[in-house]
Structures are given as structure tokens and as C-alpha cells.
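Thanks for making time this morning. I would like to walk you through one structure slowly, so please have it open in front of you.

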Amino acid sequence: WYLDRFGLIGPRNELPKDPYERMAAVRQRLEEALPEMAGVEKVFGLDGEFWSPRKLLRRALWHEMDHIGHIAHLL
């Protein structure tokens with residue numbers, strides 16, 4: 001979803017159907033996209049929110065840590 005804000009994920013129907021494969025594909029694309037954003041100071045509005053590469057990184061990290069916390073709690 002975060003990469004979609006920047007138009008960097010591509011068509012969703014091309015992502016794997018298997019949830020684990022899908023997570024791996026999206027994570028790989030995020031790792032590819034982040035270096036491309038180094039030094040980019042562009043901020044733009046989309047759906048009533050302002051987005052920048054820094055915000056994308058912060059949100060992606062927070063989201064991953066949140067999910068890790070949920071998994072740890074379940075274990």
C-alpha cells in the first residue's frame with residue numbers, strides 16, 4: 001500500500017496470490033525502491049495525505065515492527 005502511494009508497486013493482479021510469496025515480493029520491491037528515493041525531497045498530496053520518501057520509510061518500518069509485535073504476542 002505504501003509503495004502504491006508512489007506508483008512503485010505495479011499492477012496488484014501481478015503480485016503472487018500466496019500471502020507469503022506476496023509479502024516477500026512486496027518487501028523485495030520496497031528494498032529496490034528505497035535506494036532510488038535517496039536524496040529525493042519531493043512531497044506530494046494523495047487522498048488527503050502528504051507523502052514523502054521519508055514518510056514512506058517511517059511508515060513501512062513502523063508497520064513491520066507492529067506486525068512483529070503482534071506475532072511475538074501470539075507466540
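I will talk about two helices and then about a pocket. Please keep in mind throughout that this is a predicted model.

Let me begin with helix α2, residues 19-36, which has 18 residues and reaches 26 Å from its first C-alpha to its last, close to the 26 Å expected at 1.5 Å a residue. At the start of α2, you can find a side-chain oxygen of D18 that comes to within 3.1 Å of the backbone nitrogen of Y20. Which residues of α2 are buried? They are R29, L30 and A33, and because these buried residues fall within an arc of 110° when we look down the axis of α2, they line one face of the helix. On the other side of α2, Y20 and P35 are exposed, while the cover over the buried residues includes α1 (2-5) and α3 (53-74).

Now to α3, whose 22 residues should span 32 Å at 1.5 Å a residue, which agrees with end C-alpha atoms that are 32 Å apart. Here P53, K55, L56 and A60 are buried, and they fall within an arc of 155° seen down the axis, so they too line one face of their helix. Residues exposed on the other side of α3 include L61, W62 and M65, and what covers its buried residues includes α1, α2 and β2 (49-51).

Finally, the pocket: the largest one has a volume of about 720 Å³. Of the 19 residues that line this largest pocket, M23, V26, R27, H63 and H67 are the closest to its centre, and α1, α2 and α3 each supply at least two residues of the lining.

Conventions. Residues numbered from 1 in each chain as written. Predicted model: local features only at pLDDT ≥ 70, side-chain atom pairs only at ≥ 80, totals over all residues. Heavy atoms only, no water. Helix = DSSP H or I, 4+ residues; strand = E, 2+ residues; numbered from the N terminus. Expected span 1.5 Å × (residues − 1). Buried < 20%, exposed > 50% of the residue type's maximum accessible area, 1.4 Å probe, protein only. Arc of directions from axis to C-beta. Contact = heavy atoms within 4.5 Å. Polar contact = N/O pair within 3.5 Å; in protein donor to acceptor, adjacent residues only side chain to side chain. 1 Å grid on protein atoms, 1.4 Å probe; cavity = no way out; pocket = protein on both sides within 12 Å on 5 of 7 lines; lining within 4 Å. Points joined across faces, edges and corners; volume = space filled by probe spheres on them.
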